[in-house]
Amino acid sequence: MRRIGGQTLLARAIESAFATPSVLDVVVSTDHPEIKAEALAHGATVIDRPADIAGDTSSSESVLLHALGTLDVLPQITVFIQCTSPIIDPADLQGAITTVASGAADVSFAVVPDHGFHWTCDEMGAAHVSGHTAAIRPRRQDREPRFRETGAFYVMDTAGFLEAEHRFFGSVAVAQVPEEHGIDIDTEADLELARWRLARTAPVSGIDVDALVTDFDGVHTADTAYLNQDGSEAVRVSRSDGMGISLLKKAGIHLLILSTETNPVVTARATKLGVEVAQSVSDKATVLNQWISDRGLDPARVAYLGNDVNDLDAMHQVGWPLTVADARDSVHAAARHRLTRPGGLGAVREAADLILAGIRAERTPEATPDTSEPHPSEAVPAR
């Protein structure tokens, strides 16, 4: 349930699976009500996991065998995905499925190459070489690689798995994935590394949503205000933001400014833009959810643009949490996309342009997709 790129790890795994052409059903096995709700919200089927296979020492195989045992019709191929691998490319997963479906292997699983020098320690603490000769030190890039399991996915012939009751049986092939996809999250440090890497490797060219909700201070304005001697405030806003809002209105996008402040300047700006506004909001998430429900919107198709910690709960309610470039680090960590423009200096226009690009992409007829599958020889046999 931890978030990366604005989505829970579970949601990312489910979406990657559904984006894989050969995957027909996604099943989540859990005994946790929040995980169950999240899985259902993203279109997965949920199997209630019995207590005897829900402990920390329960094997993955026991869970897979239980899940398969609940099905009336068994699939030809079983794909086991672990959501602690946050970057699963559907193309990589499809390639592994093709390897098994073609009969080239009984099992194919995600790996990254490892050219490192490995050592082990005995019971006395003495180090011993493993897999190489200590006296021979070739360049790492010249060494034959070993392959490290990423844990992201394991693709298995179902009948063979049920007979072996283990994920490695028969003929086994590795499915190499890019090194940047090989992160496996076990610690907080792993999570931060994944967030850092994803923010730099996942460009966004368009956002397909039906609504944009924004904070005001620090989003429509720089995170500052001009204070007059009579105590009144004035702020500087961006004309390009105003044009972006106008274009979104013409495109039929629902708009809301959601602010904790009670300030006439917020009302004045919202009135000029012709945008609905809610002020004096201490619980943004509750107000946002009610606004979404009243308009019959899908939360997954709503974007929220924020900059500070009071936006976090609201950002967690939508499919596209966004941040301005100068947002707090903790708020960036909750975003699915970080804008390049700061608040008050074109950030709202940048968000608008992404939404408009998403609309154009949705309306543009796609070329006929290439449905050809990778040749089985592209799989690398395990040694």
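In strand S17, Trp 320 is the bridge partner of Ala 303, and this pairing is a convenient place to enter the structure, which is a predicted model. S16 and S17 run parallel and are joined by 4 bridges, while S17 and S18 also pair in the parallel sense, over 2 bridges; within that second pairing, Thr 323 stands opposite Arg 338 in S18. The residues of S17 point to two sides, with Trp 320 and Leu 322 directed one way and Pro 321 and Thr 323 the other way, and all of them are buried.

These strands belong to an open sheet of 6 strands, which are ordered S15-S14-S11-S16-S17-S18 and pair in the parallel sense. Its edges are formed by S15 and S18, each of which pairs on one side only. In general, the strands of a sheet pair through backbone hydrogen bonds, and such pairing may be parallel or antiparallel.

From the sheet the view passes to helix H12. The buried residues of H12 pack against strands S11 (211-214), S16 (302-306), S17 (320-323) and S18 (337-338), and also against helix H7 (239-250). Along H12 the buried positions are Ala 347, Val 348, Glu 350, Ala 351, Ala 352, Leu 354, Ile 355, Leu 356, Ala 357, Gly 358 and Ile 359. The length of the helix can be checked as well: at 1.5 Å a residue, its 17 residues should span 24 Å, and because the end C-alpha atoms of H12 are 25 Å apart, the expectation and the model agree.

The largest nonpolar core has 49 residues, of which Leu 288 and Leu 305 touch the most other members. Helix H12 (residues 347-363) supplies the largest share of this core, namely 8 residues. Apart from this core lies another, of 22 residues, which includes Val 46, Ile 77, Ala 152 and Val 155. When residues up to four places away in sequence are left aside, Leu 288 touches Val 213, Leu 258, Tyr 304, Ala 314, Gln 317 and Val 318.

Helix H3 (residues 60-69) offers another example of helix packing, and its buried residues are Glu 61, Val 63, Leu 64, Ala 67 and Leu 68. Since these residues cover an arc of only 160° around the axis, they lie on the same side of H3. The periodicity of an α-helix, with 3.6 residues a turn, is such that residues three or four places apart point the same way. What do the buried residues of H3 pack against? Their partners are strands S3 (27-30), S4 (45-48), S5 (77-81) and S9 (146-157), together with helix H5 (158-164).

Charged side chains add a further set of links, and a search of the whole structure finds 11 salt bridges. In one of them the side chains of Asp 208 and Arg 301 meet, with an N to O distance of 3.0 Å. Asp 208 lies in the loop between helix H6 (188-201) and S11, whereas Arg 301 lies in the loop between helix H9 (284-294) and S16, so this pair ties together parts that are 93 residues apart in sequence. Both partners are partly exposed, Asp 208 with a relative accessible area of 31% and Arg 301 with one of 26%. The two are also part of a network of salt bridges that links Asp 208, Asp 210 and Arg 301.

Glu 276 forms a salt bridge with Arg 295, and the closest N and O atoms of this pair are 3.0 Å apart. Here too distant parts of the chain are linked, as Glu 276 is in strand S15 (residues 276-278) and Arg 295 is in the loop between H9 and S16, 19 residues apart. Glu 276 counts as partly exposed at 37% relative accessibility, and Arg 295 is likewise partly exposed, with a relative accessible area of 31%.

Are the partners in the salt bridge between Asp 311 and Lys 284 buried or exposed? Both Asp 311 and Lys 284 are buried, and their closest N and O atoms are 2.7 Å apart. Asp 311 is in the loop between S16 and helix H10 (312-315) and Lys 284 is in helix H9, so that the pair links distant parts of the chain, 27 residues apart.

Terms used. Residues numbered from 1 in each chain as written. Predicted model: local features only at pLDDT ≥ 70, side-chain atom pairs only at ≥ 80, totals over all residues. Heavy atoms only, no water. Core = buried A, V, L, I, M, F, W, Y, C linked by side-chain atoms within 4.5 Å. Buried < 20%, exposed > 50% of the residue type's maximum accessible area, 1.4 Å probe, protein only. Contact = heavy atoms within 4.5 Å. Expected span 1.5 Å × (residues − 1). Salt bridge = Lys/Arg side-chain N within 4 Å of Asp/Glu carboxyl O. Arc of directions from axis to C-beta. Pairing = 2+ DSSP bridges.
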